[in-house]
Amino acid sequence: YSFNNIIVRAPSQSVVNGLRAADRGSPTFEGVKAEHDGYVAAMKDAGVKVTVLPALEAFPDSIFVEDPALVFTEGAILLRPGAATRMKETAEIEPTLRQMFEAVLDLPGTGYADGGDVLTTSESVMIGLSARTDRAGAEALRGCLDKLGRKTEIVATPEGVLHFKTDCSLLDDETMLSTGRLARSGAFKKFKQMIIPEGEEPAANALRVNDVVMVGSDFPRTIEMLDKAGYKVVPLKTTEIGKIDAGLSCMSLRW
Ligand code: CIR
């Protein structure tokens, strides 16, 4: 969670057509843009250098740059997103990653893996199997991570949850913020766990960046819990992107 750089992509007008599992109404472009601007400002305040890529009208979900690639200080991995409409986002972000990283690996084979299913901790890289990341993709990703010298753990994502990280985030080296349903899978036995209050599940996709924890401002009980535990919480509006199943990690690649 110690980062110097991030990449984000400006939202396109087409973001109103972003993928969603359940229809809770479409977000507005202006609303998403305002939330994205707030995110970029908070990132700068947290001390990271922000590279903003141009909007891509042809890809409604391309604002969520976390999914088509994975980055570490030691290199980048080009992934294969599991949603048909998102697959070509990888080619769109590839030139930037080749410019910025010396080592850029391609996910071999034909399996799928979304960055939203990948959680980096100090010990290992956890890969959650989901509707977007299949076993073949997870195993191929493990091969790439081996090359970068990273240990991996392949774990399950609860049924009906979009991505592994939809339901968890790392608060510090020892502490995981998780929904009850994900914690019950036993994936975080090695961690001290903080469980999201019932009804605030989307708050689990929080984001620790340097000395702050960014959390959706619609989740007061989670904010209070983290605040009481001594974390420096930065509440950010996520109401509009929440309508297309997104949270705070999805909007950046961090290293
Ligand atoms: C999608 O379904 O792909 C987008 N509407 C939301 C992606 C969220 N990404 C993430 O959590 N990493």
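The following dialogue covers the ligand site and three loop residues of a predicted model.

User: What kind of model is this, and how are residues numbered?

Analyst: The model is predicted: local features need pLDDT of at least 70, side-chain atom pairs count only at pLDDT 80 or more, and totals for chains, interfaces and linings use all residues. Residues are numbered from 1 along each chain as its sequence is written, and side-chain values use heavy atoms, with hydrogens and water left out.

User: Which residues come nearest to the ligand?

Analyst: A residue is near a molecule if one of its heavy atoms lies within 4 Å of it. Here 13 residues surround the ligand, and Leu 19, Asp 61, Glu 66, Arg 86 and Ile 244 come nearest. The shell comprises five nonpolar, two polar and six charged residues, where Ala, Val, Leu, Ile, Met, Phe, Trp, Tyr, Cys and Pro count as nonpolar, Asp, Glu, Lys and Arg as charged, and the others, Gly among them, as polar.

User: Which ligand atoms lie how far from polar atoms of Arg 132, His 163 and Ile 244?

Analyst: A polar contact is a pair of N or O atoms within 3.5 Å. A side-chain N or O atom of Arg 132 is 2.9 Å from a ligand oxygen, and a polar side-chain atom of His 163 is 3.2 Å from a ligand oxygen. In Ile 244, a backbone N or O atom lies 2.8 Å from a ligand nitrogen. The protein buries 98% of the 350 Å² that the ligand exposes when taken alone (Shrake-Rupley method, 1.4 Å probe).

User: What should one look for in the phi values of Asn 210 and Asp 245?

Analyst: Most residues other than glycine have a negative phi. Asn 210 has a positive phi near 55 degrees, and Asp 245 has a positive phi of about 60 degrees. Asn 210 belongs to the loop between β12 (207-209) and β13 (212-216), while Asp 245 is in the loop between α6 (239-242) and β15 (253-254). Helices (H or I, at least four residues) and strands (E, at least two) are DSSP runs, numbered from the N terminus.

User: Which residues does Lys 151 contact?

Analyst: Contact means heavy atoms within 4.5 Å. Leaving aside neighbours within four places in sequence, Lys 151 contacts Glu 123, Ser 124 and Val 125. Lys 151 is in the loop between α3 (135-147) and β8 (152-156).

Methods: A polar contact is a pair of N or O atoms within 3.5 Å; within protein, one must be able to donate a hydrogen and the other to accept it, and residues adjacent in sequence count only if both atoms are side-chain atoms.
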